[in-house]
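Hi there,

Here is the structure I promised to pass on, with the sequence alongside. Have a look at it first, and my notes follow below.

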Amino acid sequence: MAFFKSIKGSKTVESDYNYDSNDTLAKTALTDGGDIYPLIIPSEFTGGTGLMNPSILNLDGKLIVNIRHTNYTLYHSEKKTNPHPWGPLSYLHPEDDIHLRTENFYCELNSDFEITRFNKVDTTKLDKEPIWEFVGLEDARLVYWDDKLFMTGVRRDTNTTGQGRMELSEIEVTEKSVVEVARHRIASTGDDTSYCEKNWMPIVDQPFTYMKWCNPVEVVKVNENYKAETIHIGSDILFGNDERGLTEPRGDSQVIKYGDYYLALTRACDLFKSELGRKDGVYRHMFILWDKDWNIVKCSKDFSIMNSHIEFSCGMCEYDNHILITFGLSDNAAYILKIPYKTIDKYLEL
């Protein structure tokens with residue numbers, strides 16, 4: 001089995017990863033007694049375009065989910081047999097709107113993982129006219145910090161270059177509505193001159209604290225002025241065999257407690273171009289386990305969730321003696337995967 005080349009600056013014409021169709025988290029979880037559930041909002045509320053990249057939070061036994069909705073449909077020719085004229089990976093958006101727009105839906109679930117309530121998050125009180133082509137809060141993770149409920153994701157529409165910064169979006173849930181009541185843009189560490197900060201993993205039980213990078217480990221805390229300050233840096237580690245070159249796993253889920261440790265689902269992306277120089281990519285995932293001092297205890301091999309090239313997770317929590325992972329598939333579908341503990345242990349070789 002071949003693995004990724006270095007993710008940084010990849011210039012390969014095609015991916016060098018060969019899929020093993022049995023190497024999927026979903027299949028292993030279902031074999032071990034888990035289950036999978038779709039997350040669907042009626043199309044009259046979405047226009048039928050992509051539901052994707054959900055995040056989940058267990059709030060004192062109540063399951064809440066944020067589902068990202070976009071105004072486009074992603075077309076991806078995974079086997080490269082029927083590529084779109086614009087390339088193997090293409091964003092199909094309305095002809096009268098070339099922006100890639102995101103809105104978010106707050107949902108509540110029952111114990112059968114059915115959506116019992118959904119509301120589009122009302123952001124109108126804080127919205128400003130976007131000045132870049134990606135609009136809205138993208139890939140928001142849910143956290144409950146200091147008695148406030150937040151969505152925390154990246155926004156790139158505040159300047160003309162698309163510079164991205166993580167934001168804290170406080171939401172207030174009432175009987176009939178969900179409203180964004182505060183929005184804070186987080187200045188990055190150091191001189192804050194980096195281009196795009198995204199996919200920081202919030203640490204659920206440590207308010208305003210994120211896993212910014214996994215290799216090397218970098219943990220940051222956001223101060224009262226909404227500036228991120230590094231509070232821990234670990235050393236570089238090698239993930240598996242030398243030939244993998246899987247050097248840059250970073251945010252997927254939140255970081256949650258797992259027994260005496262911390263656990264997260266991370267993601268790495270092999271970006272490459274087709275023979276005609278058009279964008280393509282493959283996403284893979286890894287579980288990482290840290291001790292309380294943020295030393296890496298275990299790191300799984302990389303895997304696919306459902307044997308698709310484009311998979312993205314924004315959520316993980318414990319619930320009813322299982323781990324729940326929420327993920328999006330090809331920017332067009334959203335799911336919850338219910339995973340027995342033994343499946344996680346199997347991947348981490350515990």
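Let me start with S313, which sits in strand 22 (residues 311-319). Please keep in mind that this is a predicted model. S313 has a relative accessible area of 0%, so it is buried. Its side chain has a partner: a polar atom there lies 2.8 Å from the backbone oxygen of T326.

Now to the charged residues. Side chains of opposite charge can pair when their charged atoms come close. How many salt bridges does the count come to? The total is 17, and I picked out a few of them for you.

The pair of K346 and D32 is a salt bridge whose closest N and O atoms are 3.1 Å apart. These two come from distant parts of the chain, with their positions 314 residues apart: K346 belongs to helix 2 (residues 341-348), while D32 is in the loop between helix 1 (25-31) and strand 1 (35-38). Is each partner buried or partly exposed? K346 has 47% relative accessibility, so it counts as partly exposed. D32 has a relative accessible area of 14%, which is under the 20% cut-off, so this residue is buried.

Next comes the salt bridge between D252 and R267, where the closest N and O atoms are 2.8 Å apart. D252 is found in the loop between strand 17 (250-251) and strand 18 (256-258), and R267 is in strand 19 (residues 261-273), 15 residues apart. D252 counts as buried because its relative accessibility is 0%. R267 counts as buried too, at 7% relative accessibility.

E197 and K212 form another salt bridge, with 3.5 Å between the closest N and O atoms. Here the link runs from the loop between strand 12 (178-185) and strand 13 (201-202), where E197 lies, to K212 in strand 14 (residues 209-214), and the two are 15 residues apart. Both partners, E197 and K212, are buried.

The loop between strand 12 and strand 13 also holds N199. This residue has a positive phi of about 60° although it is not a glycine. With a relative accessible area of 7%, N199 is buried.

A few other backbone details may be useful when you look through the loops. The peptide bond from N215 to P216 is cis, with omega near 0°. You will find P216 in the loop between strand 14 and strand 15 (217-222). Y226 lies in the loop between strand 15 and strand 16 (228-233). Like N199, Y226 is not a glycine and yet has a positive phi of about 60°. Is Y226 buried or partly exposed? At 27% relative accessibility, Y226 counts as partly exposed.

Strand 9 (residues 137-145) is worth a look as well. Eight of its nine residues are buried, so strand 9 is largely enclosed by the rest of the structure. It pairs with strand 10 in the antiparallel sense, over seven bridges. Within that pairing, V143 of strand 9 stands opposite F150 in strand 10. The two strands form a hairpin with two residues between them, and D146 takes a positive phi near 50° there.

Finally, the empty space. Rolling a probe the size of a water molecule over the atoms shows where such space is left. The second largest pocket holds about 560 Å³. Which residues are closest to its centre? They are T123, D127, G136, R155 and R183, out of 31 residues that line this pocket. The elements giving two or more residues to the lining are strand 3 (62-70), strand 6 (100-109), strand 10 (148-155), strand 11 (165-173) and strand 12. By character, the lining of the second largest pocket divides into eight nonpolar, 10 polar and 13 charged residues.

One of the residues closest to the centre of that pocket, R155, brings us back to the salt bridges. R155, D157, E167 and R185 are linked in a network of them.

That is what I have for now. Happy browsing!

Best wishes

Notes: Residues are numbered from 1 along each chain as its sequence is written. This is a predicted model: local features need pLDDT of at least 70, side-chain atom pairs count only at pLDDT 80 or more; totals for chains, interfaces and linings use all residues. Side-chain values use heavy atoms; hydrogens and water are left out. A salt bridge is a side-chain nitrogen of Lys or Arg within 4 Å of a carboxyl oxygen of Asp or Glu. Helices (H or I, at least four residues) and strands (E, at least two) are DSSP runs, numbered from the N terminus. Buried means under 20% relative accessible area, exposed over 50%, partly exposed in between (1.4 Å probe, protein chains only). On a 1 Å grid over the protein atoms alone, a cavity is a set of points where a 1.4 Å probe fits but cannot get out, and a pocket is an open set with protein on both sides within 12 Å along at least five of seven lines; lining residues have an atom within 4 Å of a point. Grid points are joined across faces, edges and corners, and a volume is the space filled by probe spheres set on the points. Ala, Val, Leu, Ile, Met, Phe, Trp, Tyr, Cys and Pro count as nonpolar, Asp, Glu, Lys and Arg as charged, and the others, Gly among them, as polar. Two strands pair if DSSP finds at least two bridges between them. A polar contact is a pair of N or O atoms within 3.5 Å; within protein, one must be able to donate a hydrogen and the other to accept it, and residues adjacent in sequence count only if both atoms are side-chain atoms.
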